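Colleague: I've got the sequence and the model open side by side. Please pick one spot, look at it closely, and then walk me outward from there into whatever it leads to.

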Amino acid sequence: MKTRLGCLSNKSDSYSDFSEFLPPAHETTARCLKLSTDEVVRWSESFDHLLSHKYGLAAFRTFLKTEFSDENIEFWMACEEYKKIKSSTKLVSKANKIFQEFIDVQAPREVNIDYRTREKTKQSLEDPSPTSLNEVQAKIYSLMEKDSYPRFLRSKMYQDIVNRAHAQGQRRSV
């Protein structure tokens, strides 16, 4: 995925080729993902829909990197992985890693949360469970939904992805 997004490592308004987000032209079997204009437009209907789509999530992550605020989506994704852990030993290890990377004061990728939430999360992680990060994850989700997501939808990057998907759709139907 990283190589597919390599062209998008510059400022979001400077992109010229968004074909990196679209499935390769040679992928024509029914099993392969086809990124239609409808699908790309659906990303604008709900933040959940954007995050649940492989290419939508990739595009949003890339957009946040251009804005130097990708810690929020990276934290959200780490929480999603955390919830899936079954082993209590691994849960403790992952909880500590997430806390040190995203939640602790002066963490390398510190997310923007209030003192009360930080302290409550710290307490919750003293005896971690799969739901220990739910509250802080919900706050970061809400922050992205209200702030970053609307900016993504207004961005040249998203508009270019819509236009490219539309152009590819027209070529397929010819």
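Modeller: Let's start at F68, which sits in the loop between helix 3 and helix 4. Keep in mind throughout that this is a predicted model. What caught my eye is the backbone: F68 has a positive phi of about 55° although it is not a glycine. Is the residue buried or exposed? Its relative accessible area is 69%, and the cut-off for exposed is over 50%, so F68 counts as exposed.

There's another residue of this kind, Q106, where phi is near 70°, again a positive value outside glycine. Q106 belongs to the loop between helix 5 (88-103) and helix 6 (115-124). With 70% relative accessibility, Q106 is classed as exposed too.

Back to the F68 loop, and on into the helix that follows. Helix 4 (residues 71-83) and helix 7 (residues 134-154) have axes that come within 10 Å and cross at roughly 145°. The crossing of helix 4 past helix 7 is left-handed. On the helix 4 side the contact involves N72, I73, F75, W76, C79, E80 and K83. Facing them from helix 7 are N134, V136, Q137, I140, Y141, L143 and M144. By residue type, this contact splits into 9 nonpolar, 3 polar and 2 charged.

One of those helix 7 residues, V136, leads sideways to helix 6. T121, which is part of helix 6, touches V136 along with I103 and L133, leaving out residues up to four places away in sequence. The relative accessible area of T121 is only 4%, well inside the buried class. What does the polar part of its side chain find there? A polar atom of the T121 side chain lies 2.7 Å from the backbone oxygen of T117.

Now go the other way from F68, into the helix that precedes it. Helix 3 (residues 54-66) contributes F60 to an aromatic pair whose partner, F152, comes from helix 7. The two residues are 92 residues apart, a link between distant parts of the chain. The structure holds 8 aromatic pairs, and F60 with F152 is an edge-to-face one, at 5.6 Å centre to centre and 85° between the planes. How accessible are the two partners? F60 has a relative accessible area of 0%, and F152 is likewise at 0%; buried means under 20%, so F60 and F152 are buried.

F152 has another ring partner in helix 3. The rings of F63 and F152 have centres 5.5 Å apart, and the angle between their planes is 65°. Edge-to-face requires over 60 degrees, so this pair falls in that class. Here too distant parts of the chain are linked, with F63 in helix 3 and F152 in helix 7, 89 residues apart. F63 is buried at 2% relative accessible area.

Zoom out a bit and these rings belong to a wider network. Ring pairs connect W43, F47, F60, F63, Y141, Y149, F152 and Y158 into one cluster. Y141 is a name you've already met: it is among the helix 7 residues that meet helix 4.

F47 is worth following as well, since a residue with no ring reaches it. E145 is in helix 7, and its contacts beyond four places in sequence are F47 and P150. E145 and F47 are 98 residues apart along the chain, yet their C-alpha atoms are 6.2 Å apart in space. E145 is partly exposed, at 33% relative accessibility.

Just past the end of helix 7 is S155, in the loop that runs to helix 8 (156-172). Unlike F68 at 69%, S155 is a buried loop residue, with 7% relative accessible area. Its side chain reaches the backbone oxygen of F152 at 2.6 Å, which takes us back to the residue that pairs with F60 and F63.

To set all that in context, the protein has 8 helices and 0 strands. Buried residues are 41% of its 174 residues. Of the contacts with a separation of 6 or more, 57% come from residues 24 or more positions apart. The pairings of F152 with F60 and F63 give you concrete cases of distant parts of the chain being linked.

How values were computed: Residues numbered from 1 in each chain as written. Predicted model: local features only at pLDDT ≥ 70, side-chain atom pairs only at ≥ 80, totals over all residues. Heavy atoms only, no water. Axes fitted to C-alpha atoms, helices over the stretch in contact; angles between N-to-C directions. Helix = DSSP H or I, 4+ residues; strand = E, 2+ residues; numbered from the N terminus. Left-handed = near helix turned anticlockwise from the far one by under 90°. Contact = heavy atoms within 4.5 Å. Nonpolar A, V, L, I, M, F, W, Y, C, P; charged D, E, K, R; others polar. Phe/Tyr/Trp six-rings, centres within 6.5 Å; stacked < 30°, edge-to-face > 60°. Buried < 20%, exposed > 50% of the residue type's maximum accessible area, 1.4 Å probe, protein only. Polar contact = N/O pair within 3.5 Å; in protein donor to acceptor, adjacent residues only side chain to side chain.
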